[in-house]
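Q: Could you take a close look at one part of this structure and walk me through it slowly? I am new to it, so please explain each term as you go.

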Amino acid sequence: MYPSTLDPDLSGLPAAVLPFRQWMTAWYLYAVADGQIESTYNLDDATAERLEGYFNTGLTPREGVGALFGALH
């Protein structure tokens, strides 16, 4: 069995950041599956801050993908 990278005892992350880490993982998986990013996507600081804002306002990871990559009208 492989340890989870979301386990605070194994990752060294504070428990307070785990919900955002889990949200980011779900966001990444959805963005790859939706064809919005490649699996080798390299997240920059500005985009990470935008995504944290989406998380803090209660968007789902799927809604976060739409907000970040959605078409402009």
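A: A good place to begin is with Phe20, Trp23 and Phe55, which form one aromatic cluster. The model is a predicted one, in which local features need pLDDT of at least 70 and side-chain atom pairs count only at pLDDT 80 or more, while totals for chains, interfaces and linings use all residues. Residues are numbered from 1 along each chain as its sequence is written, and side-chain values use heavy atoms, with hydrogens and water left out.

Five aromatic pairs are present in the structure; here, rings of Phe, Tyr and Trp (for Trp, the six-membered ring) pair if their centres lie within 6.5 Å, and planes under 30 degrees apart count as stacked, those over 60 as edge-to-face and the rest as tilted. Phe20 and Trp23 form a stacked pair, with 6.3 Å from centre to centre and 15° between the planes. Both of these residues belong to helix 2, where they sit three residues apart, or about one turn of the helix. Helices (H or I, at least four residues) and strands (E, at least two) are DSSP runs, numbered from the N terminus. An α-helix has 3.6 residues a turn, so residues three or four places apart point the same way.

Trp23 has a relative accessibility of 7% and therefore counts as buried, a word that means under 20% relative accessible area, whereas exposed means over 50% and partly exposed lies in between (1.4 Å probe, protein chains only). A further stacked pair joins Trp27 and Phe69, because their ring centres are 6.1 Å apart and their planes stand at 20°. Since Trp27 lies in helix 2 and Phe69 in helix 4, this pair ties together parts that are 42 residues apart in sequence. The two partners are not covered alike: Trp27 is buried, with a relative accessible area of 1%, while Phe69 is partly exposed at 27%.

Helix 2 deserves a look of its own. Its 16 residues should span 22 Å at 1.5 Å a residue, and its end C-alpha atoms are indeed 22 Å apart; the expected span is 1.5 Å times one less than the number of residues. The buried residues of helix 2 are Leu18, Trp23, Met24, Trp27 and Ala31. Pro19 also lies in this helix but, at 40% relative accessibility, counts as partly exposed. Although Pro19 and Phe55 are 36 residues apart in sequence, their C-alpha atoms are 9.3 Å apart in space. Just after helix 2, Gly35 adopts a positive phi of about 80°.

Several of these residues also take part in the largest nonpolar core, which consists of nine residues: Trp23, Met24, Trp27, Ala31, Ile37, Leu51, Tyr54, Val65 and Leu68. Such a core is a set of buried Ala, Val, Leu, Ile, Met, Phe, Trp, Tyr and Cys residues joined through side-chain atoms within 4.5 Å. Helix 2 (18–33), helix 3 (45–56) and helix 4 (61–69) each give two or more residues to this core, and helix 2 supplies the largest share, four residues.

Helix 3 has 12 residues and reaches 16 Å from its first C-alpha to its last, close to the 16 Å expected at 1.5 Å a residue. Its buried residues are Thr47, Leu51 and Tyr54. Seen down the helix axis, these fall within an arc of 50°, so they line one face of helix 3, the arc being that of the directions from the helix axis to the C-beta atoms. They pack against helix 2 and helix 4, while the face turned away from the buried side carries the exposed residues Asp45, Ala46, Glu49 and Asn56.

Contact here means heavy atoms within 4.5 Å. Not counting residues up to four places away in sequence, Leu68 touches Trp27, Thr47, Arg50, Leu51 and Tyr54. Thr47, which is buried with a relative accessible area of 11%, is in contact with Tyr41 and Leu68 when its neighbours within four places in sequence are left aside.

Finally, the setting of these details is a protein chain with four helices and zero strands. Of its 73 residues, 19% count as buried. Among contacts with a separation of 6 or more, 49% are between residues 24 or more positions apart.
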